[in-house]
Amino acid sequence: MSGMGRRPSLESAATGMPGLDDILAGGLTRRRLYLIEGVPGSGKTTLAMQFLLEGAARGERVMYVTLSETEQELRAVADSHGWNLDGIDLREIVPGESELDPDGQNTMFHPSEVELAETTARILRDVDQLKPTRVVFDSLSELRLLAGTALRYRRQILALKQFFATSECTVMLLDDMTAADRDLQVQSIAHGVVLLEHLNPQYGSERRRLRVLKYRGVKFRGGYHDYVIKTGGIVVYPRLIAAEHRTRFESRAIQSGIAELDRLLGGGIEEGTSTLMVGAAGTGKSTLAAQFVACAADRGQSSVMFVFDESPQTLMTRCSSLQIELAEHVDTGRVSVQQVDPAELTPGEFTHAIRRAVEEQDVKIVVIDSLNGYLNAMPEERFLTIQLHELLMFLGQHGVATILIATQQGLIGTQMNSPIDASYLADSVVLLRYFEARGEVRQAISVVKKRGGRHERTIRELRMDSGRITVGAPLREFRGVLTGVPVYEGLPDAAAHTGVDPITGKPSP
C-alpha cells in the first residue's frame, strides 16, 4: 500500500473488511470515536457487526448497544449472513410495553430529561461492567430525539466521547440521517466520518458506494469507493490509484502466430501497452483478440477475457471453427473467460476483478470485449474515461498487454462513429473496415497508431474462411479502401488478363 499510511506508533483496529482497511490505511485508530452515516438500507448495521465480529475473533470484548432494533431483529440479520453473535454482548435499550400505558408515564418532567438520563446511565453502567474494547451505538437518531435540543445533543455526544476515551474503547456511532434538518455537530466531534450512499439507477440493481469524509491524522484514500452487500457481509472495492502500483518489468513482444498480422503490428503487441481494436460489428475484432490469447497460452502465458456482448460458449465455439482452440486453454486454466452482466456491474467491482487476475494469476493479456458493453453497463457514470485511464495505467505498470474492443456504429462509409473515444488512451490502434470489391463485401485491417515503435502503414485484407484467419498482401492497387468503396488503380482488366484476383493474389473466380 505504497503512498498510504499512518504514524507507526498508532495502533489500528481492523474493521473485518480488507477493502475498507485499505482505504483507512490499515483500519481505525483505537480509543477514538467514529461516525458511520447512511440512509436506511445502506448497510450500516452490517458494517458495524463485521467490525465487532472482527474484534471478537481477535479475542476482544465487544458490545452492541441498540436503541432502535430489537435483539431478535439483529440476530435475524446475522443469520442471513451466516454469522454467530455469541461473541458479541448485545444491549437492547428500547421502550418496553409499559411506555404505552399512560398511567405509567412521567408527567412532572419533560420526557427527554428523564429518558435521556436513564438511557445514558444504562449505557455507562454496561460499559463499566463489561469493559469492552469495541462498542457500536445504534443509532444516533434515537439519542437526538431524546436530547430534544441541538445544544443538549452536542453536549451529550461530547460527554460520551470523553467517557469512552477514558474507557479505552473504539466506538462506532451509527446515524441513519433521518433528521429533517441535518446538522454537522457529530461530524465535528468524531475522529473519523464514513458516509455510506445507496443509489438507485434508472435500470439495473441498486448501487452502493462509500466515502471517508474525515479521518484525523491519517492519509486515507479519498474519493468514492464501490461496495456490495453479499451473503457473508460487505465487500469494499477501493478506488484504483495506478501510481501506487509501479513495478519494473522487461517489455517483450506478444505475437499472434499470424506472420502477416505481426508484420503489420511491427512484431506484435508489447507487454505493458494497450491496443484498441476498433471497427464495425462482425469485422473480426474479438476473433483477433482471441488469436493473441490462444497464441500466448501456447507459450505458457496466462490471459483473462472479460466478455460483455456474447456468452463464453458462443465465443469459444466460433473460435474453434477458425482453429483457435480457446476452449482447450480454458480447461487447462491458461485462459479465463469471464462473462460480465451489464445490469449488475459496478466500476469498482469490475476493476477489482481485473486487479485480482493480474496480482493473483499473473496474467499477461487482459481483453475487455467490449468498451461498448462497459459503457452501457454504467450509463450514469460520468467519469468512465478517467477510470479507464487509471486501469490502463495499472495494467501497463504490471507489464500486462491490454486489448480493448470498440464497436463502431454503422457498417460502411465515412459516417461511422464510436460511442466512446479511447483512441487517445491506447498505445496502438488497429482499424478494421468493410469494403466492397468485385461484388463482394470484404474486410480490411490496418494499424493507424503505435506509440514507441515502427509498424506497417499498409492496408491489408483480412479473411476468416476455410477454417482459419488469413491476412493478405497490402492493397496497393486500391485507393479509398477505408471509405468502404475503393477505386482500383492497378492495370486495367488485370484479373481478366492474368486470372488472378488483385486483392487476394488467388485465382480469380
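**Helix packing and local backbone features of the predicted chain**

Of the 509 residues of the chain, 50% count as buried, where buried denotes a relative accessible area under 20%, exposed over 50%, and partly exposed in between (1.4 Å probe, protein chains only). The structure is a predicted model, in which local features need pLDDT of at least 70 and side-chain atom pairs count only at pLDDT 80 or more, whereas totals for chains, interfaces and linings use all residues. Residues are numbered from 1 along each chain as its sequence is written, and side-chain values use heavy atoms, with hydrogens and water left out. The chain contains 15 helices and 24 strands, these elements being DSSP runs numbered from the N terminus (helices, H or I, at least four residues; strands, E, at least two). About 23900 Å² of the chain is exposed, and carbon and sulfur atoms supply 49% of this area, as computed by the Shrake-Rupley method with a 1.4 Å probe. Among contacts (heavy atoms within 4.5 Å) between residues at least 6 apart in sequence, 69% join residues at least 24 apart.

Helix 12, spanning residues 347–361, has 15 residues and reaches 21 Å from its first C-alpha to its last, close to the 21 Å expected at 1.5 Å a residue; the expected span is taken as 1.5 Å times one less than the number of residues. The buried residues of helix 12 are Pro-347, Gly-348, Phe-350, Thr-351, Ala-353, Ile-354, Ala-357 and Val-358. Just after helix 12, Asp-362 adopts a positive phi of about 55°. Helix 9 (residues 285–298) has 14 residues and extends over 20 Å between its first and last C-alpha, close to the 20 Å expected at 1.5 Å a residue. Because 13 of the 14 residues of helix 9 are buried, helix 9 is largely enclosed by the rest of the structure. A positive phi of about 90° is found just after helix 9, at Gly-300.

Helix 12 packs with helix 14 (residues 384–397) at an angle of about 5°, with the axes 11 Å apart; axes are lines fitted to C-alpha atoms, for helices over the stretch in contact, and angles run from 0 to 180 degrees between N-to-C directions. Helix 12 is therefore roughly parallel to helix 14, given that angles under 35 degrees count as roughly parallel, over 145 as roughly antiparallel, 65 to 115 as roughly perpendicular and the rest as oblique. In this contact, helix 12 contributes Pro-347, Phe-350, Thr-351, Ile-354, Arg-355, Val-358 and Glu-359, and helix 14 contributes Gln-387, Leu-391, Phe-394 and Leu-395. These residues divide into 7 nonpolar, 2 polar and 2 charged, with Ala, Val, Leu, Ile, Met, Phe, Trp, Tyr, Cys and Pro counted as nonpolar, Asp, Glu, Lys and Arg as charged, and the others, Gly among them, as polar. Phe-394, which lies in helix 14, is buried at 0% relative accessibility. Leaving aside neighbours within four places in sequence, Phe-394 is in contact with Leu-240, Ala-242, His-245, Arg-355, Val-358 and Glu-359. The C-alpha atoms of Phe-394 and Ala-243 are separated by 7.7 Å, although the two residues are 151 residues apart along the chain.

A second helix pair is formed by helix 2 (residues 44–57) and helix 3 (residues 71–81), which pack at an angle of about 75° with their axes 11 Å apart, so that helix 2 is roughly perpendicular to helix 3. Here Thr-45, Thr-46 and Met-49 of helix 2 meet Leu-74, Val-77, Ala-78 and His-81 of helix 3, a contact comprising 4 nonpolar, 3 polar and no charged residues. In helix 4 (residues 111–130), which holds Asp-126, this residue is buried with a relative accessible area of 12%. Apart from neighbours within four places in sequence, Asp-126 is in contact with Met-63, Arg-91 and Lys-131.

Cis peptide bonds and positive phi values also occur in loops. The bond joining Asp-138 and Ser-139 is cis, with omega about 5°, and Ser-139 is placed in the loop between strand 6 (134–138) and helix 5 (140–147). The peptide bond from Asp-369 to Ser-370 is likewise cis, with omega near 15°, and Ser-370 is found in the loop between strand 17 (363–369) and helix 13 (371–377). Arg-31, a residue other than glycine, has a positive phi near 60°; Arg-31 lies in the loop between strand 2 (28–29) and strand 3 (33–38) and is partly exposed at 37% relative accessibility. Gln-323, also not a glycine, has a positive phi of about 65°, is located in the loop between helix 10 (312–320) and helix 11 (326–332), and is exposed, with a relative accessible area of 56%.
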